[in-house]
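Subject: Structure handover

Hello,

Here is the structure I promised to pass on. My notes follow below it.

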Amino acid sequence: MDLKHWKLEIDADNLAWLWFDRAGSATNTFSTEALEELGSIADHLAGMPPRGLAILSAKENGFAAGADIDEFTTISSAEQAMAFTTLGNVVFDKIAALPFPTLAMIHGFCMGGGTELALACRYRIADDGPKTKIALPEVMIGIVPGWGGAKRMPPLIGAANALDLMLTGRGVDGRRAKKLGLVDAATPRRHFANAVRLFLAKPPAPHKPPFAAAVTDWPVVRSIVASMSRKKVAEKARQDHYPAPYAIIDLWKDFGGDVRNIPAGHPASMASLFAHPTTRNLIRLFKLQDRMKAMGKSGLPPIRHLHVIGAGAMGGDIAAWAALKGITVTLQDLAPERISPAIQRAHALYTKRLKQPHLVQAAFDRLIPDVEGHGVAKADLVIEAIVENAEIKRKLFAGIEPRMKEGSILASNTSSIPLQELSGVLARPERLVGLHFFNPVAQMMLVEIVEGPQTSPEVMQAGQAFAKQIDKLPLPCKSAPGFLVNRVLSPYLMEAMLMLDEGVPGETIDAAARDFGMPMGPIELADMVGLDICWAVGQELAKPGTPIPKKLQAAIEAKHLGKKTGRGFYTWSKGKAQKASGTGSVDLKPIADRIVLPALNEAVACLREKIVADADLCDAGVIFGTGFAPHRGGPISAIRERGKESWLRTMAELRAVHGDRFVPDTGWDTL
Ligand code: NAI
């Protein structure tokens with residue numbers, strides 16, 4: 001056979017070894033061509049036939065990452081989308097129908113279509129290492145697992161487990177997959193060849209879920225499971241904002257998990273999802289994420305040794321995260337007792353993420369407390385995360401720069417001080433870059449890579465590469481107060497607090513923001529961030545003439561700083577804000593418009609000032625840095641979706657009432 005994306009070998013034992021090796025790419029994805037080839041391989045094998053088939057990946061990074069998103073985004077009609085979906089089904093059905101044992105050997109990423117191909121095999125074996133990640137993440141881009149995932153996963157592991165994976169898009173490692181019954185065995189990759197021979201020589205009975213799991217897929221139980229799932233989904237996402245999770249439940253409950261059974265007009269149909277703006281926005285966001293990852297590519301050597309100064313909330317967690325990602329980290333603070341809370345948090349993080357004791361220990365061994373700061377002289381990168389005070393930071397810089405090794409990079413995690421205010425004391429200001437992480441470090445994907453006026457392009461590149469190295473998304477930003485994210489977030493929070501002063505209940509303001517699509521309202525968010533931090537950032541960034549929120553001031557004077565002190569605008573109990581329920585019959589839209597507009601206006605200003613390179617990066621940065629309504633595609637996309645004129649009219653009305661903080665930035669003219 002003449003094959004471009006697959007390699008087929010039949011060995012002396014008449015076992016077929018099929019390697020997925022997508023041409024021209026480091027990652028396996030399913031294009032039409034790759035799918036069609038797989039279909040003809042299945043036909044060919046069905047005709048010979050071998051004793052068994054093992055499907056493996058020839059790529060280092062994983063089994064397969066799913067459908068070719070570039071091809072998917074060139075699809076311009078629902079008919080084309082349906083044709084691509086049907087092709088995947090036809091081909092994977094052929095694999096499922098092969099009259100001999102089939103086995104998928106999974107290492108690294110196994111996402112979407114990759115998982116669906118594995119599910120079409122009779123058996124699955126996964127590498128038991130930390131890099132294996134098996135998922136059906138379609139929901140995250142607004143679509144459904146339409147190549148048989150929704151059909152084959154529920155009977156294999158029970159509908160409740162399958163829905164959990166399909167509705168969250170969450171990935172599981174090999175061991176967890178084995179526990180779920182998603183794979184038949186988890187073993188180190190170096191044993192794959194042996195495992196194939198063992199399984200195919202004496203094929204065991206295919207996996208069946210235990211009774212308690214199996215019951216959840218029984219036809220009579222389905223409506224109950226479906227309604228429970230809908231309830232859970234509804235707590236997180238509204239159907240008009242996010243139709244895909246609801247479509248997944250319907251697909252499983254009413255259509256046997258096969259998209260080909262859904263009538264065209266149904267809200268779960270490919271045509272409906274394809275036409276929905278959320279799908280477009282989420283796919284764009286997914287591609288933007290790839291673009292940001294690509295900005296971290298460089299020919300530079302990776303950071304092997306990181307030294308972090310300041311083991312507080314940020315520095316401690318940055319150090320822990322980098323060690324988790326394989327870097328040797330020395331962590332410095334003024335005294336050992338200031339470092340130990342960070343080490344304790346690191347332990348909790350490693351136990352949660354790595355689970356296996358030897359991996360936890362290895363990560364722990366990479367994180368080295370270093371009160372004397374010996375690491376400065378050895379590190380490839382030094383990140384400063386001490387108190388937010390320019391004078392103290394300058395003093396620190398002047399002291400450490402002469403000790404840093406040739407070619408190393410100095411970074412600051414400052415959230416508000418322009419780099420030019422810090423670089424004056426340096427002999428090599430071109431080697432200073434801002435690496436602005438977000439709190440909590442382990443959860444926030446974004447790192448703003450801040451370019452001072454003197455930062456060299458190579459150092460910017462190194463900053464971006466470091467973010468990518470530790471699996472974060474780099475966003476290059478110019479060094480101006482607030483960079484991008486805080487600058488956009490701050491006026492939104494401040495406006496919400498001014499409404500609070502006017503007597504609008506926090507619950508109503510938060511409900512209005514969630515109604516717009518924010519994952520959390522601004523009053524609750526302010527409490528989470530810490531009212532002292534909101535105050536400091538607000539002071540730094542407020543436009544002249546903007547009133548100071550009185551309730552904020554009073555809360556700070558009373559030392560009610562938010563979640564961390566148990567009380568802020570809300571009282572906090574067991575990590576949750578205590579809120580009054582219901583918002584009555586208040587019209588939430590004008591409230592949402594009023595708090596969102598200052599953020600949109602600031603995003604427009606950032607674009608005009610070229611704080612970030614373009615509108616796409618502005619949208620992605622604000623979404624990944626603040627959680628801004630992802631289904632709306634970010635602030636600039638939200639402006640375009642409703643229309644600039646409509647937003648400007650609302651802004652003029654608000655200006656008439658509230659004054660000049662609602663003056664549109666001049667950037668609106670050229671948007
Ligand atoms: P923090 O107060 O929790 O920690 C600062 C740590 O630095 C303390 O443990 C302190 O003992 C140590 N320190 C102070 N001077 C030092 C010196 N000369 N040498 C060694 N250690 C020293 O502060 P946090 O919140 O971690 O902030 C640190 C930096 O990160 C600040 O620049 C802040 O603006 C920035 N940042 C903070 C965010 C937040 O949400 N807290 C978010 C993003 C950036």
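Let me start with one residue. Threonine 546 is partly exposed, because its relative accessibility is 24%, and the buried class ends under 20%. Threonine 546 sits in the loop between α22 (531-541) and α23 (550-557). Its C-alpha lies 8.4 Å from that of aspartate 660, although 114 residues separate threonine 546 and aspartate 660 in sequence. Please keep in mind that this is a predicted model.

**Overall layout**

The domain assignment splits the chain into three parts: domain 1 (6-275), domain 2 (305-480) and domain 3 (486-670). How far apart are the C-alpha centres of domain 1 and domain 3? The distance is 40 Å.

**Salt bridges**

The structure holds 43 salt bridges. Here are three of them, with a network after the first.

Start with aspartate 660 again. The side chain of aspartate 660 meets that of arginine 655 in a salt bridge, with 3.2 Å from N to O. Aspartate 660 is exposed, since its relative accessibility of 55% is over the 50% cut-off. Arginine 655 has a relative accessible area of 38%, so arginine 655 counts as partly exposed. There is also a network of salt bridges that share partners. Its members are Arg487, Lys543, Glu602, Arg608, Glu609 and Asp665.

The next pair is lysine 287 and aspartate 70. Their closest N and O atoms are 3.3 Å apart, and the two residues form a salt bridge. This pair links distant parts of the chain. Lysine 287 belongs to helix α13 (residues 277-295), while aspartate 70 belongs to helix α2 (residues 69-74). In sequence they are 217 residues apart. Lysine 287 is partly exposed, at a relative accessible area of 31%. Aspartate 70 is partly exposed too, with 48% relative accessibility.

Then take lysine 393 and glutamate 384. Their side chains meet in a salt bridge, at 2.5 Å from N to O. Are these two residues buried or exposed? Both lysine 393 and glutamate 384 are buried.

**Surface patches**

Which residues form the positive surface patch? They are Arg175, Arg176, Lys179, Lys352, Arg353 and Lys355. Two elements each give two or more residues to this patch: α7 (174-180) and α15 (336-354). Helix α7 gives the largest share, three residues. Arginine 353 is placed in helix α15. Why can arginine 353 belong to a patch? Its relative accessible area is 40%, which makes arginine 353 partly exposed. A patch residue needs over 30% relative accessible area and no salt bridge, so arginine 353 passes the area cut-off.

There is a nonpolar surface patch as well. Phe211, Trp218 and Val220 make this patch, and its area is about 370 Å². Valine 220 lies in helix α10 (residues 219-236). Valine 220 counts as exposed, because its relative accessibility is 69% and the exposed class begins over 50%.

**Backbone points to look at**

Most residues other than glycine have a negative phi, and most peptide bonds are trans. Three places in this chain depart from that pattern.

- Asparagine 439 and proline 440 are joined by a cis peptide bond, with omega at about -5 degrees. Proline 440 is in the loop between β15 (432-437) and β16 (446-451).
- Asparagine 14 has a positive phi, near 65 degrees. Asparagine 14 is in the loop between β1 (6-10) and β2 (15-20). With 29% relative accessibility, asparagine 14 counts as partly exposed.
- Lysine 559 also has a positive phi, near 60 degrees. Lysine 559 is placed in the loop between α23 and β18 (571-573). Lysine 559 is exposed, at a relative accessible area of 62%.

**Where to begin**

Open the model at threonine 546 and go across to aspartate 660, 8.4 Å away from C-alpha to C-alpha. From aspartate 660, follow the salt bridge to arginine 655. Then turn to the positive patch on α7 and α15.

Best wishes

Definitions and conventions: Residues numbered from 1 in each chain as written. Predicted model: local features only at pLDDT ≥ 70, side-chain atom pairs only at ≥ 80, totals over all residues. Heavy atoms only, no water. Patch = residues over 30% accessible without salt bridge, like charges linked within 9 Å, V, L, I, M, F, W, Y side chains within 5 Å. Areas by Shrake-Rupley, 256 points an atom, 1.4 Å probe, with all protein chains shown as cover. Salt bridge = Lys/Arg side-chain N within 4 Å of Asp/Glu carboxyl O. Lys, Arg positive; Asp, Glu negative; His and termini not counted. Charge placed at Lys NZ, Arg CZ, Asp CG, Glu CD. Helix = DSSP H or I, 4+ residues; strand = E, 2+ residues; numbered from the N terminus. Buried < 20%, exposed > 50% of the residue type's maximum accessible area, 1.4 Å probe, protein only. Domains from an automatic or database assignment.
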